[in-house]
Every structure is written in C-alpha cells, then in structure tokens.
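Here are my notes on the model, set out as numbered points. They begin with one term that the later points rely on.

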Amino acid sequence: EESAPNWSVVRWTFKGKNGKPIKVTWHDGGKLPPAELHDGIIKKDEKGKVNIDNGAANYSSQAVINDKFQQLYSVKVEHKFTDKVSLTGFYMYNRTNEPCSNYYYIGLDDPNRFADPGDYLLKRRPQILAINNTWIPGDNSVLALRFGWTRFVDNSTTTIPFDPATLGFSPTFMNEIGQTGVSKFPQIYTQGYGVGNQLLGAINPSNRTYKSAGANAAYSRFVGAHTFKFGGDYRRIGAYLLNPGCSASCLNFGREFTSATGTNNGSATDGNAFATFLLGYPSGDLQSSTSLGNGPIMTLTTPLDIYTNYYSGYAQDDWRVSSKLTVNYGLRIEREDGMHEVNNNFTVGFDRTTVNGLSSVVIPASVDPTGGTAARNVVGGLMYAGVNGNPTTQGNPPRQKWSARVGVVYSLDSK
C-alpha cells in the first residue's frame with residue numbers, strides 16, 4: 001500500500017464495475033482505493049506506483065469496444081453452361097461499427113454521450129462483386145470476359161441521436177440547422193478546457209464512399225507458331241465525399257469577456273473561458289478577439305461526387321520461332337480523361353484575364369518598387385466546370401499514351 005501523489009483532496013463520482021455510482025473523497029497520504037476504482041481515474045504502472053491521469057483535462061480517454069456489429073458475408077457461384085461456356089461469381093459484404101475512445105463517458109451506454117467531444121462511431125460497409133465468364137469458341141481460341149464492382153462506405157457518425165431544439169434555440173437557428181441536414185449537439189469550444197479546447201459536442205459526422213467499376217475482355221487465338229492476344233479494359237474510379245463541418249454550429253468562448261479589460265485574451269490568469277461560457281457570450285458576438293479562430297459559425301456543405309474514366313486496349317503476339325526461341329511483342333494504348341464531378345460542383349482552372357467583382361479597382365504602378373509595372377485593373381477568377389464553355393474535367397492528361405513491348409526467351413538446353 002502506497003500513498004497518493006501530493007493532492008490535498010481528490011473528489012470524484014463515476015461508475016464502478018457494477019454500474020453503480022461511486023463517490024470518492026481521497027485525502028493526501030491515504031491508502032490505495034479499492035481495486036474496482038482502478039478502471040476510473042486511478043491506475044497502477046508496472047512499478048506498482050500510483051498514477052493519476054492528470055493530463056490537460058484530468059480524464060482518462062477510453063471506451064469499451066462493441067463487437068456486436070462486426071459481420072462478414074460472402075458467396076461464390078460457379079456454373080458450367082456447356083463444355084465451352086462457364087461462369088463464376090463472387091460477392092462479399094463486410095459490416096463493422098468501430099467506436100471511439102470517449103472523453104467523459106467510458107463505453108457506449110451513457111445516455112449523455114451526445115455531448116462527449118470524443119464520441120463517434122466509424123461505420124464501414126465494404127462490398128465487392130466479381131463476375132468472370134470464359135468462352136471457348138473453338139479448339140484454338142478462348143475469350144474471357146470480366147466485370148468488377150466495389151463500394152467502400154466509410155462514414156463517421158455519432159453514437160446517439162440528439163435534438164438541439166431541446167436546448168431552447170430560436171426557430172431561426174433551428175431552421176439553419178435543418179438546412180445542413182445534421183441534427184446534433186453543438187460543438188462548444190472553451191479556451192484551456194476539453195480536448196483541444198473542445199468542451200462539449202460529439203463529432204461532426206462525415207460521409208465517404210469510395211467506389212469503382214470496371215470491365216475487360218481478353219481474346220487469345222493460336223495460329224501456327226503464333227499466339228495472338230487482343231484485349232480492352234474500362235474502369236471508372238471515384239469517391240463521394242460529404243464533410244458538413246460545423247453542421248449544428250461551433251460556439252467558441254474565449255477569456256476576453258471575463259478579463260479585466262474585456263479584450264485581453266493573452267493571459268492565462270486574466271479572464272476565464274469557462275466563466276465566459278457560463279455567461280453565454282461566445283467570441284465574435286460581444287468580443288473583439290476571436291481567440292479560437294472564429295466566432296460562432298455554421299457550415300452549409302455541398303457533397304462532392306468525383307470520378308475519372310480509364311480506357312485501354314492492347315494487341316500482342318507470342319511467336320515461337322523455334323523450339324528454343326520465342327519472341328513476344330505488342331502495343332498498348334491508354335487514356336484517362338481527367339477528374340469529373342457528377343453535378344459539375346467544382347472548379348477546373350483559373351483564368352488570369354477574366355473580369356471579376358474587383359475589376360473596377362486599379363492597382364497603382366507604385367506597388368512595383370522598380371517602377372516596371374504600369375497601373376492596372378484587378379482581373380482573374382476561378383473557372384467553374386461547364387460554365388461559359390469551360391471544360392467539365394480537372395487536369396490536362398494526354399489524349400492517349402502508347403506503350404510498346406518486346407521480349408525474347410531462349411532456352412540454352414533442355415534443363
């Protein structure tokens with residue numbers, strides 16, 4: 001039994017192993033608490049000393065992993081229609097819910113975890129489909145057709161719903177949350193408290209789906225001493241991304257409102273962000289300094305659904321010149337058409353000459369200290385996909401890429 005660190009009094013209330021609240025009042029110099037408290041803020045290291053997780057926020061970041069929703073399903077089908085035609089197919093679906101390490105509430109059972117800044121659930125739903133068809137038209141030829149499709153849903157979401165209307169916000173504020181499509185507890189930032197200054201509010205959900213589809217064909221034919229091969233490939237690769245950001249608002253509270261001058265935010269002793277939070281005055285409303293980067297904000301985000309197309313074709317010959325010498329040669333052509341967005345919701349370039357909203361502003365010649373630049377108007381602006389004849393793809397890939405190949409195989413002896 002050993003003494004605690006030099007804390008005069010420690011008071012805490014949290015769950016024990018039996019789920020019942022445990023209240024602790026521990027005076028400096030007291031003995032070790034019961035073993036069931038080691039899962040709380042008190043724990044032993046390998047040397048048997050007592051450690052208290054007294055990090056920036058005095059909380060242990062941990063969660064019980066929930067394995068109830070980890071599932072994998074797969075099916076494979078093979079069918080031979082005739083001696084010359086066969087088909088195989090494979091499908092796989094994987095489902096996992098991967099929890100976070102909560103900050104205040106250990107595990108995934110507390111009804112108030114909607115306010116935990118570390119609370120989120122990573123939902124992954126990958127799917128794979130593959131279909132292969134083989135056809136033998138004759139004794140000297142074979143045709144293979146293949147199709148593949150994948151979807152990888154990789155979404156970060158909250159573990160419990162919450163209606164922000166229960167906090168008493170105005171109808172105008174609730175209408176703005178309705179436009180973002182994400183109803184959750186707002187994120188509250190207080191300088192010097194919480195995780196990275198975040199005191200309350202679970203993760204801002206984000207949706208990510210990575211996807212691809214492709215088909216290819218390959219034909220081989222034996223003609224005398226030659227094996228001719230021809231084929232083509234098409235792939236569409238893309239991703240759907242939606243990161244709403246501060247969808248239910250981010251409210252930032254600094255020290256300045258409770259400081260001696262009402263504007264000082266640079267002192268750790270003059271003013272207190274938590275006191276500002278209790279008074280209900282976010283930075284940016286009645287305070288000149290936005291110490292946490294922004295005043296209260298709410299973001300309205302447009303999904304990004306991007307993809308690119310890939311095409312290729314090839315021709316090849318394996319020529320058996322003799323029993324010892326084989327020569328193969330071929331040609332391949334490829335094309336990628338740049339990045340698309342399904343609804344043209346992105347930019348494709350920058351036009352240095354276009355007129356913009358600031359074109360009436362004149363940049364004086366005196367800006368250039370050498371005097372070599374004449375006075376000029378402000379010009380230039382972003383080029384939006386499909387607008388005013390702009391292209392609908394990003395990048396400028398070559399129209400085609402050619403690749404030749406030559407190989408020689410020679411057998412020195414029978415071994």
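1. A residue counts as buried when its relative accessible area is under 20%, as exposed when that area is over 50%, and as partly exposed in between. By that cut-off D154 is buried, and R208 is buried as well. Please keep in mind throughout that this is a predicted model, and that the values discussed below are computed from it.

2. On confidence, the mean pLDDT of the protein is 80, with 79% of its residues reaching 70 or more. Two stretches deserve caution when the coordinates are used. Over residues 24-65 the pLDDT stays under 50, although the model has 98 contacts beyond four places in sequence for this stretch. Residues 285-292 likewise stay under 50 in pLDDT, and for them the model has 28 contacts beyond four places in sequence.

3. As to the overall make-up, the protein has 20 strands and 2 helices. Of its 415 residues, 32% are buried, and the surface that the protein exposes comes to about 24700 Å², of which carbon and sulfur atoms supply 55%. If one takes the contacts between residues at least 6 apart in sequence, 63% of them join residues at least 24 apart.

4. Which residues does the disulfide join? The link runs from C246 to C250, with an S to S distance of 2.0 Å, and the count for the structure is 1 disulfide. The angle about the S-S bond is -90°, which makes the link of C246 and C250 left-handed. Both C246 and C250 are buried. In general, a disulfide is a covalent bond between the sulfur atoms of two cysteines.

5. The structure holds 9 salt bridges, and three of them are taken up in this and the following points. Side chains of opposite charge can pair when their charged atoms come close. One such pair is R124 with E98, whose side chains meet in a salt bridge at 3.6 Å, N to O. Because R124 lies in strand β7 (residues 121-138) and E98 in strand β6 (residues 85-99), the pair ties together parts that are 26 residues apart in sequence. R124 counts as partly exposed, at 28% relative accessibility, and E98 is also partly exposed, at 28%.

6. Why does the salt bridge of D154 and R208 tie together parts that are 54 residues apart in sequence? The closest N and O atoms of D154 and R208 are 3.5 Å apart. D154 belongs to strand β8 (residues 141-157) whereas R208 belongs to strand β11 (residues 207-223), so the pair ties together parts separated by 54 residues in sequence. As stated at the outset, D154 and R208 are both buried. E98, R124, D154 and R208 are, moreover, linked in a network of salt bridges, and it may help to inspect these four side chains together.

7. A further salt bridge is formed by E336 with K401, where the closest N and O atoms are 3.6 Å apart. This pair links distant parts of the chain, with E336 in strand β15 (residues 325-341) and K401 in strand β20 (residues 401-410), 65 residues apart. Are these two residues buried or partly exposed? E336 is partly exposed, with a relative accessible area of 33%, and K401 counts as partly exposed at 35% relative accessibility.

Notes: Residues are numbered from 1 along each chain as its sequence is written. Side-chain values use heavy atoms; hydrogens and water are left out. A disulfide is a pair of cysteine sulfur atoms within 2.5 Å. Buried means under 20% relative accessible area, exposed over 50%, partly exposed in between (1.4 Å probe, protein chains only). pLDDT is the predictor's confidence in each residue, from 0 to 100. Contact means heavy atoms within 4.5 Å. Helices (H or I, at least four residues) and strands (E, at least two) are DSSP runs, numbered from the N terminus. Accessible areas come from the Shrake-Rupley method with a 1.4 Å probe; for residues, only the protein chains shown count as cover.
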